[in-house]
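Visitor: Got a minute to walk me through this one? I'd like the core, the strands and the charged pairs.

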Amino acid sequence: MRTDDERLFPTQTLTDVAEHNAFGRLGEDEAALYLTSIGYTLLERNWRYGHEEIDLIADDFGEVVFVEVKTRRSERLATALGDVDRFKQMHLMSAAYAYLSRYNVRPAFRFDVVTIVGEQPPYHLKHYVNVFTPWGIQAWRREHHRPNRK
C-alpha cells in the first residue's frame with residue numbers, strides 16, 4: 001500500500017520522465033515508418049488542440065486517419081490498446097473535429113490505433129483500423145449522462 005507521500009510526491013525523476021517521453025517518441029517514429037510503408041501519407045505529427053494531442057494524422061487514399069500510438073515495454077500489467085478508453089476517445093474526437101474545422105475540410109475520416117510493444121527492436125507492432133466511431137462515443141455519452149440533481 002502506498003503512503004500519502006508516495007501518492008502525492010511520486011519518486012519518478014525528471015530523467016525517468018525524459019526516458020518515458022523518448023520511448024514514446026520512438027514508438028511514434030516506428031508507427032510513422034510503418035504507416036508510410038503501407039502507403040499512407042503523413043499529414044501531421046503531434047497535432048495539438050489545447051491540451052489534447054493527436055499523435056499522427058495521415059491520409060489513406062483520401063480518408064483522413066487520426067492515429068493514436070501506444071508504446072509499452074511490456075503488456076504484463078495492461079494492454080496498450082486498453083489505454084485508449086472512452087475518455088481518451090472523446091479527447092481524440094474533440095481534437096479531430098478541431099483539426100477538420102481549422103482546415104475547413106469534410107473528408108471521410110476514421111480513428112486508428114497503433115500499439116508498439118517491446119524493449120528493443122524488433123518491436124511487436126499492431127495496427128487497429130477504425131477502432132471507434134463518433135457514433136459509438138455519442139451513444140456511450142448519452143448512456144452515461146447524469147443530469148445535475150439538486
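Guide: We can take those topics in turn. Keep in mind that this is a predicted model.

Visitor: Core first. Which residues of the largest nonpolar core touch the most other members?

Guide: Trp47, Ile54, Ile57, Phe66, Leu92, Tyr99 and Phe111 do. The core has 16 residues.

Visitor: Which elements give two or more residues to this core?

Guide: Strands E2 (52-60), E3 (63-72) and E4 (109-117), plus helix H3 (86-102). The largest share comes from H3, with seven residues.

Visitor: And what other core lies apart from it?

Guide: One of 12 residues. Its members include Leu35, Ala58, Val69 and Val114.

Visitor: Back to Phe111. What is phenylalanine 111 in contact with, leaving aside its neighbours within four places in sequence?

Guide: Phe66, Leu92, Met93, Ala96, Val129, Asn130, Val131, Phe132 and Pro134.

Visitor: Strands now. In which sense do E1 and E2 pair, and over how many bridges?

Guide: Antiparallel, over seven bridges. Arginine 45 has leucine 56 of E2 as its bridge partner. The two strands form a hairpin with two residues between them. Glycine 50, in that turn, has a positive phi of about 60 degrees.

Visitor: How many bridges join E2 to E3?

Guide: Five, and these strands run antiparallel. Here leucine 56 stands opposite valine 67 in E3. So leucine 56 has a partner in E3, valine 67, and is also the bridge partner of arginine 45, by the DSSP bridge assignment. E2 and E3 also form a hairpin with two residues between them. In its turn, phenylalanine 61 has a positive phi of about 55 degrees.

Visitor: Why is E2 described as largely enclosed by the rest of the structure?

Guide: Because seven of its nine residues are buried.

Visitor: Charges next. How many salt bridges does the structure hold?

Guide: Eight. In one of them, the side chains of arginine 110 and aspartate 60 meet at 3.2 Å, N to O. Arginine 110 is in strand E4 and aspartate 60 is in strand E2, so the pair ties together parts 50 residues apart in sequence.

Visitor: Is that pair buried or exposed?

Guide: Arginine 110 counts as buried, at 7% relative accessibility. Aspartate 60 is buried too, at 16%. The cut-off for buried is under 20%.

Visitor: Which other residue does arginine 110 meet in a salt bridge?

Guide: Aspartate 112, at 2.9 Å, N to O. Both arginine 110 and aspartate 112 are buried. Asp60, Glu63, Arg110 and Asp112 are linked in a network of salt bridges.

Visitor: What about arginine 73 and glutamate 119?

Guide: Their side chains meet in a salt bridge at 3.9 Å, N to O. This pair links distant parts of the chain, 46 residues apart. Arginine 73 sits in the loop between E3 and H3, and glutamate 119 in the loop between E4 and E5. Arginine 73 is partly exposed at 31%. Glutamate 119 is exposed at 54%.

Visitor: Loops, then. Where does proline 121 lie?

Guide: In the loop between E4 and strand E5 (124-132). Proline 121 is exposed, with a relative accessible area of 56%. Its C-alpha is 9.9 Å from that of glutamate 30, with their positions 91 residues apart in sequence.

Visitor: And where is glycine 39 found?

Guide: In the loop between helix H2 (14-37) and strand E1 (41-49). Glycine 39 is partly exposed, at 41%. Its C-alpha and that of aspartate 59 are separated by 8.9 Å. The two are 20 residues apart along the chain.

Note on methods
Residues numbered from 1 in each chain as written. Predicted model: local features only at pLDDT ≥ 70, side-chain atom pairs only at ≥ 80, totals over all residues. Heavy atoms only, no water. Core = buried A, V, L, I, M, F, W, Y, C linked by side-chain atoms within 4.5 Å. Buried < 20%, exposed > 50% of the residue type's maximum accessible area, 1.4 Å probe, protein only. Helix = DSSP H or I, 4+ residues; strand = E, 2+ residues; numbered from the N terminus. Contact = heavy atoms within 4.5 Å. Salt bridge = Lys/Arg side-chain N within 4 Å of Asp/Glu carboxyl O.
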